[in-house]
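Hi everyone, thanks for coming. I'd like to walk you through one model today, so please have a look at it before I start.

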Amino acid sequence: MDNVFDYEDIQLIPAKCIVDSRSECDTTVTLGGHTFKLPVVPANMQTIIDEKIAVYLAENGYFYIMHRFQPETRETFIRDMQSRELIASISVGVKAEEYDFILQLAEENLVPEFITIDIAHGHSNAVIAMIKHIKKHLPNSFVIAGNVGTPEAVRELEHAGADATKVGIGPGKVCITKIKTGFGTGGWQLAALRWCAKAASKPIIADGGIRTHGDIAKSVRFGATMVMVGSLFAGHEESPGETFEKDGKLYKEYFGSASEFQKGEKKNVEGKKMYVEHKGSLQDTLTEMEQDLQSSISYAGGKKLDSIRNVDYVIVKNSIFNGDKVY
Ligand SMILES: NC(=O)C1=CN([C@@H]2O[C@H](COP(=O)(O)OP(=O)(O)OC[C@H]3O[C@@H](n4cnc5c(N)ncnc54)[C@H](OP(=O)(O)O)[C@@H]3O)[C@@H](O)[C@H]2O)C=CC1
Ligand SMILES: Nc1nc2c(ncn2[C@@H]2O[C@H](COP(=O)(O)O)[C@@H](O)[C@H]2O)c(=O)[nH]1
């Protein structure tokens, strides 16, 4: 691998503006035959999304992926969403009971629009077998498979039938995989995204490591159709979990899906917990993301998201914050 870099090492180069107002710029994206307001999806983690947020996002034109950590609620969730004529987008694992769950959905003719296979090390026979199982029994569900970090993995999962692959092993804010195992795309997630996207023939979802709204535009530039975001969505009024007050400031918890807080035991722990400052309403953040991305599109010299995909860039190695890491 040459040219290894991450989000903070890159600046996109402006092209001549063709709009009179940023409001003319269109941030919508299409995935699995559905069009969404933003190329952004909140992480399918228990401190990021719950049923209420899923309904809100779906009703308001945003993509969502429900987490898989309350498996017994998934069937009712799909029914509830579809009875409101909203998309049903769920996550599954790869253990034996998940195979039965897919069969049960097929028997009941309950077809989620999106199914995400949510596994730490997605380049595995377990994920390939699950993709094939879903495609055999629920051929009309759009399958997102991950997570991976290499072109070989993207090709293999696509070949098995995945409709999109999710890229990112270890760049997450509450991830400790990189420290505990020595493996992953942490520190070079953007370069890994580019590497994977060049091999992909289907959409890629960039997952983890997004720290600023500008990182969304950079992900699109380097090949992402959609960007999965955890920490930037943590800590909102609507976010699951309790609000704490410390020294007059409000905080909320954000923990990893492979943390002991999620698992309830200290076994194969690859995630941690942190407290994030309370951020106000989720819609305010979504609106700010949209405005910032509209601005990115205008700097790219276009009117649509795709215009970002062809802009030039420079590698400025860790210098875009001018030494000031605080945003
Ligand atoms: N994106 C990322 O960088 C990471 C994300 N996560 C998140 O944490 C959650 C838990 O993930 P995960 O542990 O995969 O899910 P599960 O705990 O559901 O494990 C799924 C299955 O895969 C096996 N497995 C897990 N890791 C490996 C591995 N490295 N090699 C071989 N087999 C493995 C497990 O067995 P056994 O436990 O016995 O090994 C289990 O049978 C997910 O939500 C995932 O997205 C976790 C780490 C990294
Ligand atoms: N290594 C781990 N990665 C995890 C864990 N839980 C979630 N994740 C991944 O992080 C992203 C979110 O990243 P962020 O930088 O936006 O906060 C999420 O989508 C997962 O892919 C974990 O316990 N360990």
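Where does UniProt place the feature "domain: IMP dehydrogenase/GMP reductase"? The unreviewed entry puts it at residues 6-310; UniProt positions are in the numbering used here, feature names are shortened, and annotations may be inferred rather than shown by experiment. Over that stretch the chain is 33% helix and 18% strand, and the end C-alpha atoms are 18 Å apart. Helices (H or I, at least four residues) and strands (E, at least two) are DSSP runs, numbered from the N terminus.

Some housekeeping. This is a predicted model, in which local features need pLDDT of at least 70 and side-chain atom pairs count only at pLDDT 80 or more, while totals for chains, interfaces and linings use all residues. Residues are numbered from 1 along each chain as its sequence is written, chains are lettered from A and ligands numbered from 1 in the order in which they are written, and side-chain values use heavy atoms, with hydrogens and water left out.

Now to the residue that the same database flags. For "active site", the unreviewed UniProt entry lists C175. You'll find C175 in the loop between strand 8 and helix 6 (177-181). Is C175 buried or exposed? C175 is buried, with a relative accessible area of 13%; buried means under 20%, exposed over 50%, and partly exposed in between, with a 1.4 Å probe and protein chains only. Leaving aside neighbours within four places in sequence, C175 is in contact (heavy atoms within 4.5 Å) with G170 and E270.

Both of those partners turn up again beside the ligands. E270 is among the closest residues to ligand 2, together with T177, D207, Y254 and A258. In total, 23 residues surround ligand 2, where a residue is near if one of its heavy atoms lies within 4 Å. By class, that shell has eight nonpolar, 11 polar and four charged residues. Ala, Val, Leu, Ile, Met, Phe, Trp, Tyr, Cys and Pro count as nonpolar, Asp, Glu, Lys and Arg as charged, and the others, Gly among them, as polar.

Which atoms pair up with ligand 2? A side-chain N or O atom of T177 is 2.7 Å from a nitrogen atom of the ligand. Backbone atoms join in too: an N or O atom of G230 lies 2.7 Å from a ligand oxygen, and a polar backbone atom of A258 is 2.7 Å from an oxygen of ligand 2. The protein covers 90% of the 520 Å² of accessible area that ligand 2 has on its own, by the Shrake-Rupley method with a 1.4 Å probe.

G170, the other partner of C175, is one of the nearest residues to ligand 1, along with R68, D118, A120 and G168. Ligand 1 has 16 residues around it. A backbone N or O atom of A120 lies 2.8 Å from a ligand 1 oxygen, and a polar side-chain atom of R68 is 3.1 Å from an oxygen of ligand 1. Taken alone, ligand 1 exposes 870 Å², and the protein buries 63% of that.

One last stop: helix 7 (residues 189-199). Nine of its 11 residues are buried, so helix 7 is largely enclosed by the rest of the structure. What covers those buried residues includes strand 1 (10-12), helix 5 (151-160) and strand 9 (204-207).

Notes
Polar contact = N/O pair within 3.5 Å; in protein donor to acceptor, adjacent residues only side chain to side chain.
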